[in-house]
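Morning, everyone. Please bring the structure up on your screens, and I'll walk you through it.

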Amino acid sequence: MKNPPSTAWYALRRSLPTWSFEKNLRELVKLLPEYRIDEIIVVVDTEDFTHGQPPLDWLRAYQTGLFRIAEAMKKIGVRYSLNPWITVGHCDRGRDDRGTLPGLTTMVGDNGVECTSCACPMDPVWRGHAKEVWTLYGQTRPAVIWVEDDIRTFNHEPIQFGCFCERHMARFSRAVGRPVAREELLAALMQPGRPHEWRGAWLSMQRGVMNETVNFLARTVHAVSPESCLGLMSSGPRQHVLDGRDWRAFGEAMGDGRPIYSRPPMDNYVEGPLRGFYYSHDSIKLTRHCLPTAIDQTEVENIPFTRYAKSATFTFLEMAISFAYGCQGVTMNIYDHSGVPMADEPWYGRTFAEKKPFLNALAAAAQKPGRYRGVQLLHHDRSAESKHAAPGARYGSLAEDGAATMEILETHGLATTYDAEGVIATSGQTLRAFSDEQLRTMLAGGLLLDARAALVLFERGFGDQIGLTSIQPPRCVDEIEPLGAEEFFHPDFGGAEKTFMTLTLPWLMCRPSLSAIEPGPRARVVSRMVNPDAQGRYPGMVVFENSLGGRVAVHALELSTAFGTAFCHPHRRRQLMGVLTWLARGPLPVSVDGGVYPLAFRKDCGETSLLGLFNLTLDAWPHAEFTLAEQRRVVGMKVLKQDGRWAKSKALSSRKRAGSLTVSYDAPVTFDEPLFVEVTWDK
Ligand SMILES: [Zn+2]
């Protein structure tokens, strides 16, 4: 039995251990077509049963099995791909490869700890071995061969950051023209305040090493299987600034002339609150922003591989989010790697098959060329190079800021995007990576800043363009004076006297950091921090129209210390809506109302737009309303039914206002049945 090709492409990552190989292979042949799986990605030498650096004799024997899987898959119309579980290695876990690979240089951490199995990517012994290993993989002619996210400079258990081995230190010493020891380098990398010039040199070297390494892997595979594509598992661009990663160059090096696949992480390995999906969807958008031409197949994974980790419903939602945000496929790491039959967890397979028509229809609509709209967020590959370190900070603190900005907006129904839009929102130090000219362009549009981002602009000499005459570095509110709450009082922005929001942020038992700011004469204060007698003491949110013709809003809280459950509130939604529509001088590209914790989007695809809403609470929304910045007239609307048909619905209606359009859905939206509406516009 062969299935028709899918738009919602399912790629299953599956291990066939030597002791259950025959049984597992028979089951794949039987169940993959039933589960509507399009591709098998065989995971080799995996998880608990990894040997570390794969022994060549073991792999030569296993290669015979890989040929058999490839052959069997061909017969049932399922594509064959490969996922070696390690590149340089994720973790040692007691494995020591220095005996089997004499002379192996292993990774050395920032603290001097030496790995026993995870290899330095520059090491010629590792490269010699990897060349043989990846040749054996390549000879089986996989459609895609995945490179794991161990191709990075962090999280190689037992070390956190690396590699600071002698080989790396020697190369760095040559680059800067004198011998440098690890301790001296680290002191320079983490110099508080303005970055030492070695930070840029170090990250540039790491970037070069990683580009060489992935290109070496690609050329090794292409020497025996020119048609294979390389796939990249990654850990999120905000983390990969720690590698100094230049995504475009990295992608080109890895592609070696072929298209590449990209597997953005979705996290949520264990089912938790549905709000975990804010991270997942952002990971898709941000990774795509960095690798715009890659073929995206998200990572839908549960650990440890049973419904104790994740329900089938949660798994379905993760798949739906992947397709709603335009991915071509999902890679599913759902079943364990020790040979347990898939049939032992039949709920997953049943869900995959049952949801295929729905996901196919969703994927077909979301994969149309177009762009996702919203408030623009920022990323810069060089964020770690320009970030100012705090005294005593660890290397990991150089990761890029900004996740909190995405969450304050998305949780309150304001969709975000990494594509160019009229209003930009940013927090933390990301702006340091941008040039003065780029900053001036941003200041001429609409710009929402937290305290830290405002401080960066102030230090760069843009104080009078953001409406501040002074700003103190953020510090814990309790070190300033006893403060009770933020009062959102300004009626022009939707506030009212005695409208309070807690300062017990981000949640119970925590307190945020606040900057004491002094607004200039033409700036307007929208909210203020009040003392226990409800007297205004410090500005909270301040808005300003500058001489570049732009509009700026500064929130005096440092978002990375303030954003959490307690930050979210109906008052907050009104505040954000009031201030952001003022910044945009009209309606935002898309906002949604009708309940709490939406995950909403709008994708414009020429004559149609796709609107989507995931309800990330267990309570049903009684109805939903999308507000769109739009001049065109609606000529048709359809909703995606559970059986995968696009159909007209009496629950749908639209209403035109000045410069905006409201699309209403007057029926419940539940967490397990996300809402998708396709709007057709008048030409
Ligand atoms: Zn090294």
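Let's start with one strand, β24, residues 524-530. Is it mostly covered or mostly open? Mostly covered: 5 of its 7 residues are buried. Keep in mind as we go that this is a predicted model.

Who are the partners of β24? One is strand β20, residues 485-488. The two run antiparallel, and 4 bridges join them. Look for Glu486: it stands opposite Met529 in β24. Another partner is strand β25, residues 536-545. Again the pairing is antiparallel, this time over 6 bridges. Here you can find Arg524, whose bridge partner in β25 is Val543.

β24 and β25 form a hairpin, with 5 residues between the strands. In that hairpin, Ala534 takes a positive phi, near 60°. Why point that out? Because most residues other than glycine have a negative phi.

There are more such residues. Take Met509. It is not a glycine, yet its phi is positive, about 70°. You'll find Met509 in the loop between β21 and β22. Is Met509 buried or exposed? It has 5 other C-beta atoms within 10 Å, so it is exposed. The cut-off for exposed is 12 or fewer.

Now compare Tyr597. Its phi is positive too, near 50°. Tyr597 lies in the loop between β27, residues 590-593, and β28. This one counts as buried, because it has 22 C-beta neighbours inside 10 Å. For buried, the cut-off is 20 or more.

Next, peptide bonds. Most of them are trans. Where can we look for a cis one? Try the bond from Glu157 to Pro158: it is cis, with omega near 15°. Pro158 sits in the loop between β7 (154-156) and β8 (159-161). Another cis bond joins Leu505 and Pro506, with omega about -5°. Pro506 is in the loop between β21 (500-502) and β22 (513-514). That loop should sound familiar: Met509 is there as well.

On to a sheet. It is open, it has 6 strands, and the pairing is antiparallel. Trace the order with me: β13-β28-β29-β35-β31-β32. Which strands are at the edges? They are β13 (371-372) and β32 (646-647), and each pairs on one side only. β13 pairs with strand β28, residues 598-605, over 2 bridges. There, Arg371 stands opposite Asp604 in β28.

Stay in this sheet and find strand β35, residues 675-681; Glu678 lies in it. Glu678 has 19 other C-beta atoms within 10 Å, so it counts as partly exposed. Which residues does it touch, leaving aside neighbours within four places in sequence? Glu678 is in contact with Ala365, Thr608, Leu610, Lys638 and Trp646. For a sense of scale, try Val113. Glu678 and Val113 are 565 residues apart in sequence, and 55 Å apart in space, C-alpha to C-alpha.

One helix before we zoom out. α18 covers residues 570-584, 15 residues in total. From its first C-alpha to its last it reaches 21 Å, close to the 21 Å expected at 1.5 Å a residue. Its buried residues include Leu576, Val579, Leu580 and Trp582. Right after α18 comes Arg585, with a positive phi near 55°.

Now the whole protein. Count up the secondary structure and you get 18 helices and 35 strands. The radius of gyration is 26 Å, close to the 26 Å that the globule rule gives for 683 residues, so the protein is as compact as a globular protein of that length. Along its principal axes, the C-alpha trace spans about 75 × 70 × 45 Å. How much is buried? Of the 683 residues, 53%. And among contacts with a separation of 6 or more, 77% are between residues 24 or more positions apart.

Last, the domains. The assignment gives domain 1 (9-159 + 211-368), domain 2 (375-586) and domain 3 (591-681). The C-alpha centres of domain 2 and domain 3 lie 30 Å apart. How do they meet? 7 residues of domain 2 are in contact with 11 residues of domain 3. On the domain 2 side, that is 3 nonpolar, 3 polar and 1 charged.

That's my tour. Over to you for questions.

Definitions and conventions. Residues numbered from 1 in each chain as written. Predicted model: local features only at pLDDT ≥ 70, side-chain atom pairs only at ≥ 80, totals over all residues. Rg over C-alpha atoms; globule rule 2.2 N^0.38 Å. Contact = placed C-beta atoms within 7 Å. Domains from an automatic or database assignment. Nonpolar A, V, L, I, M, F, W, Y, C, P; charged D, E, K, R; others polar. Expected span 1.5 Å × (residues − 1). Pairing = 2+ DSSP bridges.
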